[in-house]
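This report describes a structure by way of its metal site, its helix packing and its sheets. The sequence and the coordinates are shown first.

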Amino acid sequence: MSGISYLGYCWEIARSHKYIHSRRLHDAHGKHPVMRVGPDWLSFGKAQAAKDIYGYASSCSKAAIYDALSGGGRHLVNISDKSKHSARRRMVAAAYAPRHSEKWEMSIAESMTHLLTQMDRRCTTPLEAGQDVDPNELNFEAMHWSNLFTFEVIIKIGMSKDMRWVEMGNDLIEITNADGTTKKISAVHCLHAGSRAAAVLVWDTERFSLYQSIAKRLSKKYAEHLQQAADWRKAVSNITRERMERFKNGEVLDDLFQPMMTGRRGEEPDIRDQDRIAEADQMINGGGDGPAISLCSTLYYLVKNPATLTRLREEIDNALSPSDRIAPWSKVRNLEYLKACIDESMRLSPPVATDLLRKTPPEGLKVDTEMVPGNTTVSISAYSAHRDPDIFEDPEAFRPERWLIRGEDKLKDMRAVFIPFSLGTRACIGRNITIVVQTVFLATLVKRYEFALPDLNWELEFDEYFNLWPLKLPLKLWQREVA
Ligand code: HEM
C-alpha cells in the first residue's frame, strides 16, 4: 500500500499499539534496511544514512511536510528555503550562544528553588532495604514536574515572562474565547493535543487539510484536539504580543526574542509579526518539550540502574559542597559521567525520535549504500540510528560508560551518528540552553534526593507523536543524608 498511498502510514501512527511507532519501524528495518513508507518516501535503518541525509555535506532540503505544518507563520524549523533559513538563523544565533550560560543559569536557579520546595513537600520516609514501595508514597510524578519546570524556564529565558507554573503546580493559562468569555487551559496538554492531531494525518501533505476537515467531522476527539491546538496558539500569541508591547514601551529585555525586535545596530529586523509569533511558538515548544522529555527519561534510567546512579552520585558529591543547594553551572559543566548519562538517555530515548523528512536534490543522492533519485523524500529516525549494532555495541543496554572511551575511532563513529539534535545546518539551535538546564537539574536532584520506582520491574512507557513523551514517571522520594 505504501507504494500508492500514505494512508497506511497514517494508520500506523494512529493505531494504538504496545510499542511506539519508531520501535516498530526499527524492528522492520532489521529485515529491510531501506523501506518505502510512502509513495515517494524511503526510510533508512543504518546509521550511516544519518550523516548522508542531515550532515553539513548533505545537499538535501526540508521535505514538503514542513510547509504543511507551518500554519501561517514561518519559524526556523519550517523555513524550507536555504537562504531565508540562513538569514533567520543569523538574526537570532547570538542570543543562543554559550556565553549566555550564566544568565540562563539565573532563570534556571529561580525555578529550581520552587521545584525543590515542591519536592521537599512530597518527600517520604526512607525506603528500607527489601521493603516494597507503598503506592500512596509515589508522590512525585516526574513527567508532570519536568514539564512545568522546563516550559517555565524557556518562557523566562525566551520571552522574559515568569509563568510561576512550578510554584502553582500547574500550567493553567487564561485565554479569551471568540465570544469574549474566558477559559483556563493546560498549556502543555493543548500543545500535545495539536501534535497528536497533526502527527496522524500530515504525511499525505497535499491532502492534509482535506483529511483534517473530514476527521473533525467524524471524530469528536479529533475536533477537540484541533480546538486545543488553536487554544495553544492563542496562548502563545498572547505571550508574544505582550512581549512585543513591552518592547514598544521601551523595555530592553535580554532574552531570545529580543533579536526579532531589534538588530544589533538598532535596525528593524526583516520579520513579520506572524513570523515572530511562529518563532515564539517553536521556541517554547522545542525548548520546553525536548528538555522535559530528556529530564524525565534520564531520571528513569538512573533510578532503574542503581550502579550508574551510585557512580554519578560520587562524581556530583565530589564536585559540589554541602552548601550548594542548587548545583552551580560552573561546578557541574565539566562532569563527564553526568554528560555521559544524559547522552546515553537521549541515545535510547531521543526526545525527537521520529524520522525527520528531507528531500534529495534534483540530481539524486547516495544515501548509505543506495543511489536515491532526485526529489525523493528520505529519512532515518534517531531511534534507529542510535541502535545500529555496527556502531553501538549491545544497543539496548543503558551504558553511559560507552561515551567515556578516549582517543578511539569508535567514539568518533558514535558521535557522527548521534542525532538527538539532528545534524548540520538544520540542527537544534537550543542545544546550549538545554545542556545547562539538564545538567543543573539532574546534578541538583541527584545530590539532594533518593528515588524509588513503583517496583523493581516497573518500566517507563512512551507515547510518540513526532516527540517521544514518557507517559508518567511516579517516584517515591526522600532526602539523602549527605555528610
Ligand atoms: C533535549 C532538548 C532538545 C532536543 C532533543 C531538540 C531536538 C531538536 C531537533 C531534532 C531539531 C531538528 C528538527 C527538524 O529538523 O525538524 C531541533 C531544531 C530546533 N530546536 Fe531543538 N531540541 C531541544 C531543545 C531545544 C531548545 C531548548 C530550544 C530553544 C530554546 C530549541 C529550539 C529549536 C529550534 C529553534 C530549532 C530549529 C533550528 C533550525 O532549523 O535552524 N530546541 N531541535
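The sections below take up confidence, the iron site, helix packing and the sheets in turn.

**Confidence**

The model is predicted. Mean pLDDT for the chain is 95, and 100% of the residues reach 70 or more. The accompanying scores are ipTM 0.99 and pTM 0.97.

**The iron site**

Which residue of the protein provides a donor to the iron atom of the ligand? The single protein donor is Cys 428, through its SG atom, at 2.3 Å. Cys 428 is located in the loop that connects α17 (409–416) with α18 (431–448). The helix that follows this loop, α18, also takes part in a contact with α12, described next.

**Helix packing**

Two packed helices are described by the angle between their axes and the distance between the axes. Those values are given below for two pairs that involve α12.

| Helix pair | Angle between axes | Axis distance | Handedness of crossing |
|---|---|---|---|
| α12 (273–304) and α18 | roughly 35° | within 10 Å | right-handed |
| α7 (142–159) and α12 | about 145° | 8 Å | right-handed |

In the contact between α12 and α18, the α12 side is formed by Pro 291, Ser 294, Leu 295, Thr 298, Leu 299 and Leu 302. These residues meet Thr 434, Gln 438, Phe 441, Leu 442, Leu 445 and Val 446 of α18. Sorted by class, the contact of α12 with α18 comprises eight nonpolar and four polar residues, with no charged residue.

Helix α12 packs against α7 as well, at an angle of about 145° and with the axes 8 Å apart. The contact of α7 with α12 contains 16 nonpolar, seven polar and one charged residue.

**The three-stranded sheet**

Strands of a sheet pair through backbone hydrogen bonds, either parallel or antiparallel. One open sheet contains three strands in the order β4-β14-β11, and its pairing is antiparallel. Its edge strands are β4 (140–141) and β11 (449–452), each of which pairs on one side only. Between β11 and β14 (residues 474–479) there are four bridges in the antiparallel sense. Within the sheet, Glu 450 stands opposite Trp 478 of β14.

Which helix lies across β4, β11 and β14? Helix α6 (residues 101–121) does so, and it runs at about 55° to β11.

**The five-stranded sheet**

A further open sheet is built from five strands in the order β1-β2-β10-β7-β3, with mixed pairing. The edge strands here are β1 (34–38) and β3 (61–62), each pairing on one side only. Strand β1 pairs with β2 (residues 41–44) in the antiparallel sense over four bridges. How many residues separate β1 and β2 in their hairpin? There are two residues between these strands.

Individual bridges show how β1 and β2 are aligned. Met 35 has Ser 43 in β2 as its bridge partner, while Val 34 is partnered by Phe 44 of β2.

Technical notes. Residues are numbered from 1 along each chain as its sequence is written. This is a predicted model: local features need pLDDT of at least 70, side-chain atom pairs count only at pLDDT 80 or more; totals for chains, interfaces and linings use all residues. Side-chain values use heavy atoms; hydrogens and water are left out. Donors are N, O and S atoms within 2.8 Å of the metal (3.2 Å for Na, K and Ca); water is not among the atoms, so sites may look incomplete. Axes are lines fitted to C-alpha atoms, for helices over the stretch in contact, and angles run from 0 to 180 degrees between N-to-C directions. A crossing is left-handed if the near helix is turned anticlockwise from the far one by less than a right angle, and right-handed if clockwise. Contact means heavy atoms within 4.5 Å. Ala, Val, Leu, Ile, Met, Phe, Trp, Tyr, Cys and Pro count as nonpolar, Asp, Glu, Lys and Arg as charged, and the others, Gly among them, as polar. pLDDT is the predictor's confidence in each residue, from 0 to 100. Two strands pair if DSSP finds at least two bridges between them.
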